[in-house]
Amino acid sequence: MPLVLPPSVLGFYLLIAFSPNYWFGNFLDQYFDIRLAFSFTGILIGSIIFNLPFMVNSIQNGFSNLPVSLKDASFTLGKSRLTTVFRVLLPNMKPALLTGVCLTFAHTIGEFGVILMIGGNIPGKTRVAALAVYDEVQALNFDTANKYAVFLFLFSFIVLLFIYSVNREYLKWKKF
Amino acid sequence: MEEILIELHVRKTIHTTNVDEILDVNIKIPKYGFVTFFGKSGVGKTTLLRIIAGLTKPDSGYIKVGNEIWFDSTKKINIKPQQRNIGFVFQDYALFPNMTVKEHLLYAQPQKETKYVSELLDVFHLKGLCQRKPDKLSGGQQQRLAVARALARKPQILLLDEPLSALDSETRQLLQHEIIQAHKNFHATTLLVSHDINEVFKLSDFVYIIENGKIQKQGNPDDVFNSTRLTTNIQLAGQILNIEKNVLTVSINNTVTEIITTEDEISNLKVNDKILITVKATNPVIRKLTDTENLQINEKLKCVEAAQSDHPLASLP
């Protein structure tokens, strides 16, 4: 669902949910003394919810790319589902896991709508690099905006480079 | 009377590309036997093994092993594959790419028994390779590991799903020998799926021929194949390349041969027809192959195997 929902919509509903004026936010505030709206923890949780599908998708792909006989073989050796997943299936889909982790991470770094909604762009607290670029452009500080932008650009590039180089190593593994 | 280990009567609809076929099998397998299911591909041999292993659920029927009921559709019993004491060797071996040879065997054991692991490594000539991962093993070594892994659990029943089909004929013969040894040494009742007659003769003491989802014939390999296979005739399958008067040019086993026939015989034949040539085997000239000839024939066999699917021989049972 978060895959098709516009980020600002999801952010809006999360903001409402986190707000102490509503039961969930109120409940957190009263019993755990946690306020998620306009806090770093809040944008963290929002990002997790928003970006989870990328990870889930990668893991699903990983599972469906493995030969079914691996699972069957492990079952006939008397191993439970859980053991099979952790000892056989997950170790043999490292490329998918790595792709998932990196994609999700890179996507989270660049996230805008959800962060802006929940975090509210508070300097030093919930202003992330992607928001800062927007802010500096609005304030006509193109130099600073450029610094942030270049940083984000390089960072994303390096992450992508890393995925491909590591995955290439794994793909040298012959598939069975 | 031999002790019966497996009693099985199952029905299962198999969805093939063309038609749905009903597999309906009723068999009793003796303890410590070596039984082969023989038949063309797609008749449900593999499905039968998977049903015994618990990987595929039959539509109805029962499976009784010793005193345990593994499956009974009327009582809604279906024991999980994990609880069936079996060893399964898959056609693609299904080795775990992340584990070394030794880790495979240790993983397969319910309790770690290093002594038994080293015995298996010895028997299957894997001792020197125990730190290698599957991608660093040859086809034959992978196959050995697959059998060793299946035996690591000390199974009551060993299920082999065309375990040698991907190997060249030399390795295959070597491994057939090892499978017999393993069957004897480790006292597992063994069920093999195969479509190779030589393999059936060499390995099994009982064979079921499955056709159209039913068991068409059963007995020891000699009896079952005797009528059609063991005669004084040699049968060759070939394909007609050319017909000129009463001379047929035929491709047999990748060799082109000219055969002189009567015009009657060829009246209903045309180019590209697949034919069966029967030759009397009485009084043939026999001599041992020289080493070079042997090599050449092995090479040829490999080529034939590679092209087996579109070779005329493949269409024969």
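A residue counts as buried if 20 or more other C-beta atoms lie within 10 Å of its own, as exposed if 12 or fewer do, and as partly exposed in between. The exercises below apply this to a predicted model.

**Exercise 1.** State what share of the 317 residues in chain B is buried, and describe the chain around them.

*Solution.* Buried residues account for 30% of the 317 residues in chain B. The chain holds eight helices and 15 strands, and its C-alpha trace spans about 70 × 50 × 40 Å along the principal axes. Turning to contacts in chain B between residues at least 6 apart in sequence, 66% of them join residues at least 24 apart.

**Exercise 2.** Locate B:Glu162, and decide whether it is buried or exposed.

*Solution.* Begin with the place: B:Glu162 sits in the loop of chain B between strand 8 (157-161) and helix 5 (169-186). Next, count the neighbours: B:Glu162 has 20 other C-beta atoms within 10 Å, and is therefore buried. Finally, look at the backbone, where B:Glu162, although not a glycine, has a positive phi of about 40 degrees. Most residues other than glycine have a negative phi.

**Exercise 3.** Carry out the same steps for A:Phe38, giving its place, its class of burial and its phi.

*Solution.* In chain A, the loop between helix 2 (23-32) and helix 3 (40-65) contains A:Phe38. Because 17 other C-beta atoms lie within 10 Å, A:Phe38 is partly exposed. Its phi is near 55 degrees, a positive value in a residue that is not glycine.

How values were computed: Residues are numbered from 1 along each chain as its sequence is written. Chains are lettered from A and ligands numbered from 1 in the order in which they are written. This is a predicted model: local features need pLDDT of at least 70, side-chain atom pairs count only at pLDDT 80 or more; totals for chains, interfaces and linings use all residues. Helices (H or I, at least four residues) and strands (E, at least two) are DSSP runs, numbered from the N terminus. Two residues are in contact if their C-beta atoms, placed from the backbone, lie within 7 Å.
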